[in-house]
Amino acid sequence: MGLLDRLSGLLGLKKKEVHVLCLGLDNSGKTTIINKLKPSNAQSQDIVPTIGFSIEKFKSSSLSFTVFDMSGQGRYRNLWEHYYKEGQAIIFVVDSSDRLRMVVAKEELDTLLNHPGTHIKHRRIPILFFANKMDLRDAVTSVKVSQLLCLENIKDKPWHICASDAIKGEGLQEGVDWLQDQIQAVKT
Ligand code: G3D
Ligand code: MG
């Protein structure tokens, strides 16, 4: 840790660190969203398909987020569960224009929520949904995404859905603000 880091920690200026898992099917826009949340000088210009997972960091006004950006490709999805215990929050990204795979996204979400063990099922871990790719002509509304995923059945965890366009960065801040409020509500 650098001297500045230590000083700001001592002065209470250092932001609290939280770990977030970013999940969802491949191609839903997870990496694009996380990239857009980083300061502009740290953003990658080329988003390449994530292999396994990558660890990214971004800050909100009062928290410092470490995000496990998990690959959504089928063969890597069983990796997710190894990281469940690391997560204090989940960002679940859905491609709102991909009606066909919405069913698969729902299956993955149900598997996540019902995962045996204590890491997800029995924790009031906040889940932020991004109904992403809203700019595409085939996109359904965030209300429709929420219906297709049966989000109203999630009663034991705080959740919120935001319509987003990750390319333009629209809708992302609203989501992060909600997440920050939820995490702080638990911490204080
Ligand atoms: P993933 O990390 O969930 O697998 P990526 O998804 O972030 O790699 O994004 C997959 C593709 O979707 C990328 O396009 C990316 O530019 C695109 N994308 C992400 N978010 C949006 C969005 O809100 N709107 C639109 N129109 N496209 C989006 P490529 O062409 O690079 O595969
Ligand atoms: Mg990715």
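**Ligand 1 and the chain around it**

Me: How far is a nitrogen atom of ligand 1 from an N or O atom in the side chain of Asp-135?
Reply: A pair of N or O atoms within 3.5 Å is a polar contact. In this predicted model, the side chain of Asp-135 has an N or O atom that makes such a pair with a nitrogen atom of ligand 1, and the distance is 2.7 Å.

Me: What kind of model is this?
Reply: Residues are numbered from 1 along each chain as its sequence is written, chains are lettered from A and ligands numbered from 1 in the order in which they are written, and side-chain values use heavy atoms, without hydrogens and water. Local features need pLDDT of at least 70, side-chain atom pairs count only at pLDDT 80 or more, and totals for chains, interfaces and linings use all residues, since what is shown is a predicted model.

Me: Which residue has a polar side-chain atom 2.5 Å from an oxygen atom of ligand 1?
Reply: Asn-132 has a side-chain N or O atom 3.1 Å from a nitrogen atom of the ligand. The distance of 2.5 Å, to an oxygen atom of ligand 1, belongs to Thr-32.

Me: How much of the accessible area of ligand 1 does the protein cover?
Reply: Accessible areas come from the Shrake-Rupley method with a 1.4 Å probe. On its own, ligand 1 has 660 Å² of such area, and the share covered by the protein is 72%.

Me: How many residues surround ligand 1?
Reply: A residue counts if one of its heavy atoms lies within 4 Å. Asn-27, Lys-30, Thr-32, Asp-135 and Ala-166 are the closest, and the residues surrounding the ligand number 16.

Me: How many charged residues does the shell around ligand 1 have?
Reply: Asp, Glu, Lys and Arg count as charged; Ala, Val, Leu, Ile, Met, Phe, Trp, Tyr, Cys and Pro as nonpolar; the others, Gly among them, as polar. The shell has 5 nonpolar and 6 polar residues, and its charged residues number 5.

Me: Which helix gives the largest share of the shell around ligand 1?
Reply: Helices (at least four residues) and strands (at least two) are DSSP runs numbered from the N terminus. The chain has 6 of each, in the order α-β-α-β-β-α-β-α-β-α-β-α. The largest share of the shell, 3 residues, comes from residues 30-37, helix H2.

Me: What radius of gyration does the chain have?
Reply: The C-alpha trace spans about 50 × 40 × 30 Å along its principal axes. The globule rule, for a radius taken over C-alpha atoms, is 2.2 Å times the number of residues to the power 0.38. With 188 residues, a compact globule would come near 16 Å, and the chain agrees, with 16 Å.

Note on methods
A polar contact is a pair of N or O atoms within 3.5 Å; within protein, one must be able to donate a hydrogen and the other to accept it, and residues adjacent in sequence count only if both atoms are side-chain atoms.
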